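I opened this notebook to record what I looked up in one structure. The entries are grouped by topic.

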Amino acid sequence: MYASLKSIGSYIPEKIMTNRDFEKIVETSDEWIVQRTGISERRIAAADQSTSDMGAKAAQKAIQRSGLDKSEIDLVICATLSPDHLCMPSTACLISDKVGIRDVMAFDISAACSGFVYMLMMAKSFIESGAKKNILLVGAEKISSLVDYTDRGTCILFGDGAGAAIISATEDIDEAIIDVHASADGKYSDLLITPGCGSTHPCSTEMMDKKLQYIKMAGNEVFKVAVRTLTKDVVDILKTNNIEPKDVDLFVPHQANLRIIEAVRNKLNFPKEKTVFTVGKYGNTSAASIPMAINDAYEEGRLKKGDLMLLDTFGGGFTWASALLRFGGN
Ligand code: ACO
């Protein structure tokens, strides 16, 4: 038995925040942001819209496209760094409730931007072991709730949104998840961190005065490790599986920074037409980035049943992961 990505869906919030909007609140320019990141605009969730609201909308789309009835889904996992509630209930439980999935295991994972590919690894294992048959994966983020809009080094990078996928059991190897590599190294944890609100710095006015509840990033150092790790990761997974870059139909990298994507793409000589770029219009949506990008490629007609996809991602932790899979949807 193999695991197959059978359908994809996404939810994109309505409100657009452009680089020009940032020029009004921090010392920056459209030119600097585009040149350093490739980002022109990003979406921001409404004040009363939660991560689970967006996740549920993406999930409904993926379920509808899978042709499954929601009662056939036997596991729900959500990857997010901006959960509705810090401790409990999990965002996966809230999404299950909003979608109407009852009495099945549901939980969140914490792997920052690598969350979606980490979940693919888990879904593959659950299905190949025979434990589950149809799994709903959701990557959803309201990162605007964690961003310090006075810190020009981070606020311009992130956006909100959600992506979801159904992973189902199949006997057809031509639509299978072939391989997933996932890894982490906590020695880099301080370079990309939300220091406050956890057990190290519990909620307090002192903690909030120091703005520890927001994302802090040593951008330049993260950038260097990201390029090095992502390139190595892609080379490794292709080599392990005896696959040449030219055999890949669609390269779907994590959408954090256009310069990072271009560095990896050039190293492997992937043509632009075979690469998905959404960072310019959504910014970095962390765990939602990869499923949102796959969804856009699907809706643009760039993804057909059996196409070989290569996913590659990197995030806080540090965590990183890559996957080779054939699309199982129609
Ligand atoms: N506008 C204008 N100037 C700025 C801005 C801005 N928005 N932000 C920073 N600068 C300034 C800095 O203050 C610095 O000025 P100085 O030289 O006077 O000190 C100068 O620009 C250069 O700063 P760097 O940080 O060296 O700029 P860099 O070229 O590295 O670009 C960026 C910064 C875009 C953040 C880049 O480092 C990056 O993309 N890093 C990786 C992000 C990433 O991939 N994160 C991982 C995933 S995220 C996750 O897991 C949640």
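The entries below concern helix packing, aromatic rings, backbone geometry and a few single residues in a predicted model.

**Entry 1. Helices α3 and α4**

I began with helix packing, for which the general description is the angle between the two axes together with the distance between them. I looked up helix α3 (residues 51–66) against helix α4 (residues 91–99) and found an angle of about 55 degrees, with the axes 9 Å apart. That angle makes α3 oblique to α4. I noted the crossing of α3 past α4 as right-handed.

Which residues meet in this packing of α3 and α4? On the α3 side I listed Thr51, Ser52, Asp53, Gly55, Ala56, Ala59, Gln60 and Ile63; on the α4 side they meet Thr91, Leu94, Ile95, Lys98 and Val99.

**Entry 2. Helices α8 and α9**

I then turned to helix α8 (residues 219–240) and α9, whose axes come within 10 Å and cross at roughly 35 degrees. Here, too, I recorded a right-handed crossing, α8 passing α9. From α8 the contact uses Phe223, Ala226, Val227, Leu230, Thr231, Val234, Val235 and Leu238, and from α9 it uses Arg259, Ile260, Ala263, Val264, Lys267 and Leu268.

I followed one of these residues further. Isoleucine 260 is placed in helix α9. Is isoleucine 260 buried or exposed? I found a relative accessible area of 12% for isoleucine 260, under the 20% cut-off, so the residue is buried. Leaving aside residues up to four places away in sequence, isoleucine 260 touches Phe223, Ala226, Val227 and Leu230. I also looked up its separation from serine 29: 231 residues in sequence and 20 Å in space, C-alpha to C-alpha.

**Entry 3. Aromatic rings**

How many aromatic pairs does the structure hold? I recorded five aromatic pairs. One of them joins phenylalanine 22 and tyrosine 149: the ring centres are 6.2 Å apart and the planes are at 20 degrees, so this pair is stacked. Phenylalanine 22 belongs to helix α1 (residues 19–23), while tyrosine 149 is in the loop between β6 (134–141) and α6 (152–155), so the pair ties together parts 127 residues apart in sequence.

I checked the accessibility of both partners. Phenylalanine 22 has a relative accessible area of 0% and is buried, whereas tyrosine 149, at 25%, is partly exposed.

I further noted a cluster in which ring pairs link Tyr188, Phe314 and Phe318. A charge also sits over a ring: the charged end of lysine 57 is placed over tyrosine 11, 5.4 Å from the centre of the ring.

**Entry 4. Backbone geometry**

My reason for this search was general: most peptide bonds are trans, and most residues other than glycine have a negative phi. I looked for departures from both.

Where are cis peptide bonds found? One joins methionine 88 and proline 89, with omega about -5 degrees. Proline 89 is placed in the loop between β4 and α4. Another joins glycine 317 and phenylalanine 318, with omega about -15 degrees. I located phenylalanine 318 in the loop between β12 (308–315) and β13 (319–326); this residue also appears in the ring cluster with Tyr188 and Phe314.

For positive phi I recorded aspartate 103, at about 60 degrees although it is not a glycine. Aspartate 103 is in the loop between α4 and β5 (105–109), and its relative accessible area of 84% makes it exposed. Asparagine 269 likewise has a positive phi of about 60 degrees without being a glycine. I found asparagine 269 in the loop between α9 (258–268) and α10, exposed with a relative accessible area of 69%.

**Entry 5. Two further loop residues**

I looked up threonine 285 in the loop between α10 (279–282) and α11 (289–299). Threonine 285 is buried, at 1% relative accessibility. Which residues does threonine 285 touch, not counting those up to four places away in sequence? I listed Glu141, Ile143, Gly159, Asp160, Gln255 and Met292.

My last residue was serine 71, in the loop between α3 and β4 (75–79). Its 61% relative accessibility counts as exposed. From serine 71 to methionine 309 I noted 238 residues in sequence and 29 Å in space, C-alpha to C-alpha.

Key
Residues numbered from 1 in each chain as written. Predicted model: local features only at pLDDT ≥ 70, side-chain atom pairs only at ≥ 80, totals over all residues. Heavy atoms only, no water. Helix = DSSP H or I, 4+ residues; strand = E, 2+ residues; numbered from the N terminus. Buried < 20%, exposed > 50% of the residue type's maximum accessible area, 1.4 Å probe, protein only. Contact = heavy atoms within 4.5 Å. Phe/Tyr/Trp six-rings, centres within 6.5 Å; stacked < 30°, edge-to-face > 60°. Lys NZ or Arg CZ within 6 Å of the ring centre and 35° of its normal. Axes fitted to C-alpha atoms, helices over the stretch in contact; angles between N-to-C directions. Parallel < 35°, antiparallel > 145°, perpendicular 65-115°, else oblique. Left-handed = near helix turned anticlockwise from the far one by under 90°.
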